[in-house]
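Biologist: I should like to learn how to read a ligand site and its surroundings. Would you guide me through the structure shown here?

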Amino acid sequence: MGRKVLVTGGAGFIGSHVSEELLRRGHEVAVLDNLSGGSASQVPAAAGFYELDITESVDKAFEDFRPHDVIHLAAQVSVAVSMQDPEMDARINVLGSLNVIRAAVRHGVRRVIYASSAACYGIGEGDILEEDMRCMPASFYGASKYAVEHCLRSAQQDSGLEWAALRFANVYGPRQDPQGEAGVVAIFARLLLDGGKPEIFGGGELKRDYIFVEDVARAVALVLEAELEGRADPVFNCSTAVGTTTNEIYALLKTACSSDVEASAAPWRPGDVQSLILDNSRLRGLVDWSPGVTLEEGISRTAAFFRDAT
Ligand SMILES: NC(=O)c1ccc[n+]([C@@H]2O[C@H](COP(=O)([O-])OP(=O)(O)OC[C@H]3O[C@@H](n4cnc5c(N)ncnc54)[C@H](O)[C@@H]3O)[C@@H](O)[C@H]2O)c1
């Protein structure tokens, strides 16, 4: 049976794809977003919309829509911004998330699914990061994302709220903000299509785990529909478990954008870590899911999106 799902951050990149996937599967969706990063045009027509800020009262959305579940994606999403203004990052990502969690409890929500991040791991302990490994975030952003996992665990202890955290790897695809700092695929695609010259930080040999946004949206929907009761630690990596260097991404994008422009070299940025590759077997053990879109296909679809958006 379809559920009523409130999607915070649903006007943004990942949230709009999550909302579409939920609607496609027969759920009822309302989006809560303050449009600071996202756009109302990305909210699916069939979804409700509450223009609210998670750092202020969000009760109106809960009273009006009466969601069964919440998918919480609204956040300050930039590592660089978190290093420049950690208080602002914590206000939105920690206090704003607490506000959503406490509203969910007050309004009898069954489950909160939280968009956590590979940034929780920071200086990882191994080549492939598993959920039980120690988290040592290397940025304020990573620290704030990790803190909320603990808040959800506390809320479960206190009130029985069900929760799951999906630690997303590097998500890419159509609608990612090419002005943002995180989405290297979107940034490079936009620049190459506009005749610009991308910068590659730290020699281009940083390895990341790139996952196509539709694969992430499907994982979120499946976790919403899964049985979670009794799970001691419902934290799941959402990833491909394959590492790709920035230089490899750049080569694929040059082909997809029909460009022969060489990138220029730029130094390391604070908070960046050498390698972030996430094991995904725990998630695949919970739900019938595996990433379905290859990097070549995903990059080609992303480049096509930005070409059409010109
Ligand atoms: N993109 C990635 O690779 C990635 C990786 C790991 C985790 N995440 C997490 O996934 C979530 C979605 O990220 P995204 O890439 O879609 O970014 P995005 O910027 O496109 O989406 C974030 C949305 O949150 C909204 N928002 C921001 N502050 C708000 C506030 N105070 N009140 C209400 N709404 C607010 C923005 O308007 C935007 O629509 C975030 O929680 C992010 O930390 C993203």
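Modeller: The discussion below takes the ligand first and the salt bridges second. Please keep in mind that this is a predicted model.

Biologist: Which residues come nearest to the ligand?

Modeller: One begins with the shell of residues around the ligand. Here that shell has 29 residues, and Phe 13, Asp 33, Leu 73, Tyr 141 and Lys 145 come nearest. By class, 16 are nonpolar, 10 are polar and 3 are charged.

Biologist: Which helices and strands each supply at least two residues of that shell?

Modeller: They are α1 (13-24), β5 (111-117), α5 (140-159) and β7 (170-172). The largest share, 3 residues, comes from β5.

Biologist: Which polar atoms of the protein lie close to N or O atoms of the ligand, by the 3.5 Å limit for a polar contact?

Modeller: Both side chains and the backbone should be examined. A polar side-chain atom of Lys 145 is 2.8 Å from an oxygen atom of the ligand. From the backbone, an N or O atom of Ile 54 lies 2.9 Å from a ligand nitrogen, and a polar atom of Ser 36 lies 3.1 Å from a ligand oxygen.

Biologist: How much of the ligand does the protein bury?

Modeller: The ligand taken alone exposes 820 Å², and the protein buries 91% of that area.

Biologist: Let us turn to the salt bridges. How many are there?

Modeller: The count comes to 17. For each pair, one may ask where the partners sit in the chain and how exposed they are. Asp 215 and Arg 218, for example, have their closest N and O atoms 2.8 Å apart. Both lie in helix α7 (residues 213-225), 3 residues apart, which is about one turn of the helix.

Biologist: Is Asp 215 buried or exposed?

Modeller: Asp 215 counts as buried because its relative accessible area is 3%, and buried means under 20%. Its partner Arg 218 is partly exposed, at 23%.

Biologist: Which salt bridge links distant parts of the chain?

Modeller: Asp 132 pairs with Arg 282, the closest N and O atoms being 2.8 Å apart. Asp 132 is in the loop between β5 and α5, whereas Arg 282 is in helix α9 (residues 281-286), 150 residues apart. Asp 132 is exposed, with a relative accessible area of 63%.

Biologist: Which residues are linked in a network of salt bridges?

Modeller: A network joins several charged residues: here Glu 21, Arg 24, Arg 25 and Glu 225 are linked in this way.

How values were computed:
Residues numbered from 1 in each chain as written. Predicted model: local features only at pLDDT ≥ 70, side-chain atom pairs only at ≥ 80, totals over all residues. Heavy atoms only, no water. Near = heavy atom within 4 Å. Polar contact = N/O pair within 3.5 Å; in protein donor to acceptor, adjacent residues only side chain to side chain. Areas by Shrake-Rupley, 256 points an atom, 1.4 Å probe, with all protein chains shown as cover. Helix = DSSP H or I, 4+ residues; strand = E, 2+ residues; numbered from the N terminus. Nonpolar A, V, L, I, M, F, W, Y, C, P; charged D, E, K, R; others polar. Salt bridge = Lys/Arg side-chain N within 4 Å of Asp/Glu carboxyl O. Buried < 20%, exposed > 50% of the residue type's maximum accessible area, 1.4 Å probe, protein only.
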